[in-house]
Amino acid sequence: MNPSSSSYLDYERDEDPATVESTGKDSKDPERHIKDPIHDYIPISAKLSRFIDTKQFQRLRLIKQLGTTSYVWPSASHTRFEHCLGVAYLAREMVTHIQKSQPELGVTDRDVDCVEIAGLCHDLGHGPWSHVWDGMFIPVALPDTKWQHEMGSEMMFDALIADLPESEKIPLEDQNFIKALIAGDHSRTPHEKAFLFDIVANKRNGLDVDKFDYIHRDSHMIGEPISLSLVRLVNSARVLDDQICYDIKDANHIYDICVARFKLHKTIYNHKAVRCWDYRLTSSSLVAKAIEYMIIDGLLKAEPHLKIAERVLDPKKYLHLTDDIMPFIEASEDPQLAESRAIFDRIRTRQLYKCVDFKVIDWPMRHLFREHVTPTRIVEECKRILAENSARSTASSTPSTERSETESLGSEVEAGESGEEGGLSISDVIVDFSTMHYGMKDKNPVDSVRFYSKRRPRESMQAGPGEYSNLRPLYFAEELLRVYTKKAEYFGLIQAGYRAVLAQMEKEQEAAAAAAAAARASSDAASAVPQGGEAGLKPTVTGEGVDAVVSIPAPAPTPPATEAPSTPTASATHSRHASIGLPVPPPLSLVGKGEGSFSSVASAGSSVLSNVTSTPSASGSAPSFSMAAALSTTTALSPAAVITTSVGTALSGSAGPSVTSTPFGPNKFMTVSPTYVPSSPTRSARKARLTRGTASRKRLRDESPTAGAAGGSATEVGLGEGSGDGGGSAKRRK
């Protein structure tokens, strides 16, 4: 037994490497096994061991898989090391299954080895705290470069190969193939089998063994496991039309994987768990993102002195760049790193940046919010609010309590405008936009997956409506907006400034929508032609611009077409998306794209739908619902079109209580006063301990015979109601 340095990875050597070579056994035979909490015992071949036992791969032990998440979920301290072992295992399992089940594809042992090594080495290039490094730090530290961890993986792979003994190096053709597999770019090696690129880094639909492993592993390590039938998925894989397809029976399971990815991105990876019904996840996610920004600020303060970012270009320097960079800075006594150490000290003592507000944004509205919600605009609104409050506080009619608050606000605005140390500046505000999706931005990833069936095993098709779950979101992506303050004393003020920006955005969009409606009405009025000489049909426009009012008299009702009395008609007001101003979902295709479907019912249904027509209702007020029209038209969304929603009318189809909401409405669960300042959990706990200690000491003095006049002191700290002669203590003793 050869124990590993990992806490739960157990190495079992079946036989000595020299024995394997001397006996002439194939190097693919398992030489050792690694105990893994997800995949149990992972067999490791002699060839793969050569890559594992290198400095470049062992470096991954010092890089946490989930970055700063362990500050929130302490058990999420697993590293890229064990994740890469899991990906290599699943990669070999899938390609071996294809090799055995479809020998006509000509998958060779060399193909199996290259795919496995690509799975093992795909994350060699990750920097400290994983995606925090290449997603947040590098774009700021090296703005003129487009460095990504995939580029680092290729660089470190080349360095790994260079360090191998000459007898253990693999051919240059295999090296290029492995790097192309890591990048998921078949065009780099077009002579290789295209379907092999769907295994490790699937650019076609994102469904690969990397995702299979991290969804299962990461959810398990935080204590909320998501169960995936990995063996079933691997055995379901089949190559058709030069890509990996799956049994249609597994369509729902594959859709669940996409949902699981979205869930984990909300709760862990990008710290997006913004759910008003689960404050535990909400607060945890906000804390983790705050720590990410604090680490980035600490590294940026140290960057001019340590030149950390430039190490990504040198494999020898990058080899030693891990999560240990933070303890290194903390242990340093260099005065040039004092600012960086101060920020890291705040992380250790939980004096974190505070999230003042957050909001989930519909996908079509994301550009509008990114354009208008900025730190500069928020600070401008803060100063305007403070100036207005300061002016009102000078009025004699202002109540004393309100006057005290405005005086406090006035002192803050003076510090902020003068630029004095401790005042509010643009750099104190962080506006964070995070994109969350099912794997392919706003598209449904399942639409890009091909399936086969038991009755048609040699045909690949898309899964259409009715062939897997119809419970799907309107958009498969959304953005999470969060606003942070680096100075807790400005918490309430920055929230007020942010919400003032939202209110201004709403006014601008309402004005734009009203102007557009007036313009359309004017155009329609100019082109309208009275029918049958009815003068009353001509629209009239009164007012201009936003105040324009358009009056369009209703035409005479049209007699309904003849139909069976039992035929139901649906009013247009029952269309949920139309009545609340949201875009109509994209048309659903009931049959495959010219390639057939899994059911003959779909094709029969399409002919039935073609006979459904739009029929005016008996009252002539609204036509009946046309499914054929609904399936063949798509309503485009403009930001100005989504302003208000009348939920009561939309759901009931009749007048009733109306709930009005807008995409610019504030988050009512986060509302505080502009003068609100949050307390620190660490400082509050310390203060509580000191208070309890003082109270205990005073209680002992009260109970002693020589207590004197301790009662007054006891009353001041809330221990009793007695007078200065100690009566309160006497009452408590009784």
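## A guided tour, starting at D40

Select D40 to begin: with a relative accessibility of 39%, D40 counts as partly exposed, because partly exposed lies between the buried limit of under 20% and the exposed limit of over 50%. Keep in mind as you look around that this is a predicted model.

**Stop 1: D40 and its strand**

Now colour residues 40–45, which make up strand β3; D40 lies in this strand. Look at the backbone of D40 too: its phi is positive, at about 65°, although D40 is not a glycine.

**Stop 2: Y89, a meeting point**

Next, select residues 80–101. This is helix α4, and Y89 has its place in it. Which residues does Y89 touch, leaving aside its neighbours within four places in sequence? Show H39, I42 and P43, and you have the residues in contact with Y89. Try drawing a line from the C-alpha of Y89 to the C-alpha of H39: the two residues are 50 apart in sequence, and 8.4 Å apart in space.

**Stop 3: the whole chain**

Zoom out for a moment. The chain has 734 residues, and 46% of them are buried. Its secondary structure comes to 26 helices and 13 strands. Take the contacts between residues at least 6 apart in sequence: 68% of these join residues at least 24 apart.

**Stop 4: helix α8 and what follows**

Select residues 172–183, which form helix α8. Does its length agree with what we should expect, or disagree? At 1.5 Å a residue, its 12 residues should span 16 Å, and the end C-alpha atoms are 17 Å apart, so the two agree.

Now show the side chains of D174, Q175, F177, I178, K179, A180, L181 and I182, the buried residues of α8. Then add α5 (109–121) and α7 (149–163) to the view, as these are the helices that the buried residues of α8 pack against.

Step just past the end of α8 and you reach G184, where phi is positive, about 70°. Carry on to T189, in the loop between α8 and α9 (209–221). Is T189 buried or exposed? Its relative accessibility is 4%, so T189 counts as buried. Leaving aside neighbours within four places in sequence, T189 is in contact with N176, F177, A180 and F197.

**Stop 5: K307 in a loop**

Select K307, in the loop between α12 (279–306) and α13 (315–318). The phi of K307 is near 55°, a positive value in a residue other than glycine. K307 has 41% relative accessibility, so this residue counts as partly exposed.

**Stop 6: a sheet of three strands**

Here is some background for the next view. Strands of a sheet pair through backbone hydrogen bonds, either parallel or antiparallel.

Show strands β6, β9 and β7 together. In that order, these 3 strands form an open sheet with antiparallel pairing. Why does one side of β6 and one side of β7 lack a neighbour in the sheet? β6 (354–362) and β7 (429–437) stand at the edges and each has a single partner strand, so one side of each is left without a neighbour. From one strand to the next, the twist averages 20°.

Focus on β6 and on β9 (residues 477–485): the two pair in the antiparallel sense over 8 bridges. Start at K354, whose bridge partner in β9 is T485. Then move to K359, which stands opposite L481 in β9.

Now bring in the helices that pack on this sheet. Helix α17 (residues 375–393) touches β7 and β9, and its direction makes about 135° with that of β7. Helix α19 (residues 491–527) touches β6, β7 and β9, and makes about 25° with the direction of β6. As for β6 itself, this strand is mostly covered, with 7 of its 9 residues buried.

**Stop 7: where α17 meets α19**

For the last view, show α17 and α19. Their axes come within 8 Å and cross at roughly 105°. That makes α17 roughly perpendicular to α19. On the α17 side, select R377, I378, E381, C382, R384, I385 and L386. On the α19 side, select L493, I494, A496, G497, Y498, A500, V501, Q504 and E508 to complete the contact. Try colouring these residues by type: the contact divides into 10 nonpolar, 2 polar and 4 charged.

Technical notes
Residues numbered from 1 in each chain as written. Predicted model: local features only at pLDDT ≥ 70, side-chain atom pairs only at ≥ 80, totals over all residues. Heavy atoms only, no water. Helix = DSSP H or I, 4+ residues; strand = E, 2+ residues; numbered from the N terminus. Contact = heavy atoms within 4.5 Å. Pairing = 2+ DSSP bridges. Axes fitted to C-alpha atoms, helices over the stretch in contact; angles between N-to-C directions. Expected span 1.5 Å × (residues − 1). Buried < 20%, exposed > 50% of the residue type's maximum accessible area, 1.4 Å probe, protein only. Parallel < 35°, antiparallel > 145°, perpendicular 65-115°, else oblique. Nonpolar A, V, L, I, M, F, W, Y, C, P; charged D, E, K, R; others polar.
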